[in-house]
Amino acid sequence: MSAPPCSPLEEEELLENESATESVDLEISRRTFVKAASILSAGVITGMPRIAEAEAERMAATSTPQTISVTLRVNGKSEPLTLDTRTTLLDALREHLDLTGSKKGCDHGQCGACTVLIDGRRVNSCLTLAAVADGAEITTIEGLANGDDLSAVQQAFLEHDAFQCGYCTPGQICSATALLDEQKHGALSTVSFETGNLASPQLTDNEIRERMSGNICRCAAYPNIVAAVRAAERASA
Ligand code: FES
Ligand code: FES
């Protein structure tokens, strides 16, 4: 039911009330604004020097690098190094040991181009601090061949044309090398659980795709990579 129309007198009263309410609202907002502004300016005046001081301290601390002595065992050779504690294994290999086979793709653990083996297990060297690998056995793409004899995986990649630009290839080969070992030891993947074959997972194409999914190939050489891994498994059986 709609409200009955007001008389001119009532209408005038109503307008006056509305305008009074508006001015109270405005007054409250004005007071709130002034109060907030004075709190903020007091914070800025008193807080700024402390923030600047803290920032200066932080800059001083970060500009004086802390170093650490490590011995990296790379491809069977001991490499003593003194490194900034923040040096990643990837940077230690590439910048300090000149082993540029391991590639820096994303530097964020997302592409697998930097994959190397630590004690036979694949890791993203861009996400691993060199200090963590102290004393461990590190294998890079440079250490997989035996002199001029390529490993089964390297040979299979060549024979199956499993690369185009080759940028992801060292990481793919290191990853596939560890994959074959993991599979031999009965390690399971998501696909093994999907197929329910947990006792002895077969290296099907789906298993290979799942187990190689941490290695991205921007050239999309995936079908040939899968074929190469399958062939390497046969060759090393
Ligand atoms: S460079 Fe390490 S995962 Fe991409
Ligand atoms: S071959 Fe080019 S990124 Fe893989």
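The following exchange concerns helix packing, nonpolar cores and one partly exposed residue in a predicted model.

Residues are numbered from 1 along each chain as its sequence is written, and chains are lettered from A and ligands numbered from 1 in the order in which they are written. In this predicted model, local features need pLDDT of at least 70, side-chain atom pairs count only at pLDDT 80 or more, and totals for chains, interfaces and linings use all residues, while side-chain values use heavy atoms, with hydrogens and water left out.

Me: Which residues of the largest nonpolar core touch the most other members?

Reply: A nonpolar core is a set of buried Ala, Val, Leu, Ile, Met, Phe, Trp, Tyr and Cys residues joined through side-chain atoms within 4.5 Å; buried means under 20% relative accessible area, exposed over 50% and partly exposed in between (1.4 Å probe, protein chains only). The largest such core has 25 residues, and those touching the most other members are Val153, Phe157, Leu180, Ile225 and Val229.

Me: Which elements give two or more residues to this core?

Reply: Helices (H or I, at least four residues) and strands (E, at least two) are DSSP runs, numbered from the N terminus. The elements that meet the condition are α3 (152-159), α4 (169-184) and α7.

Me: How are α3 and α4 oriented to each other?

Reply: Axes are lines fitted to C-alpha atoms, for helices over the stretch in contact, and angles run from 0 to 180 degrees between N-to-C directions. The axes of α3 and α4 lie 9 Å apart, at an angle of about 130°. Angles under 35 degrees count as roughly parallel, over 145 as roughly antiparallel, 65 to 115 as roughly perpendicular and the rest as oblique. The two helices, α3 and α4, are therefore oblique.

Me: How many charged residues does the contact of α3 with α4 have?

Reply: Contact means heavy atoms within 4.5 Å. On the α3 side it is made by Val153, Gln154 and Phe157, and on the α4 side by Thr169, Gln172, Ile173, Ala176, Thr177 and Leu180. Ala, Val, Leu, Ile, Met, Phe, Trp, Tyr, Cys and Pro count as nonpolar, Asp, Glu, Lys and Arg as charged, and the others, Gly among them, as polar. By class, the contact of α3 with α4 has five nonpolar residues, four polar and, as for charged residues, no such residue.

Me: Is Asn224 buried, partly exposed or exposed?

Reply: Asn224 belongs to helix α7 (residues 222-235). Not counting residues up to four places away in sequence, Asn224 touches His160, Asp161 and Ala162. With a relative accessible area of 31%, Asn224 is partly exposed.
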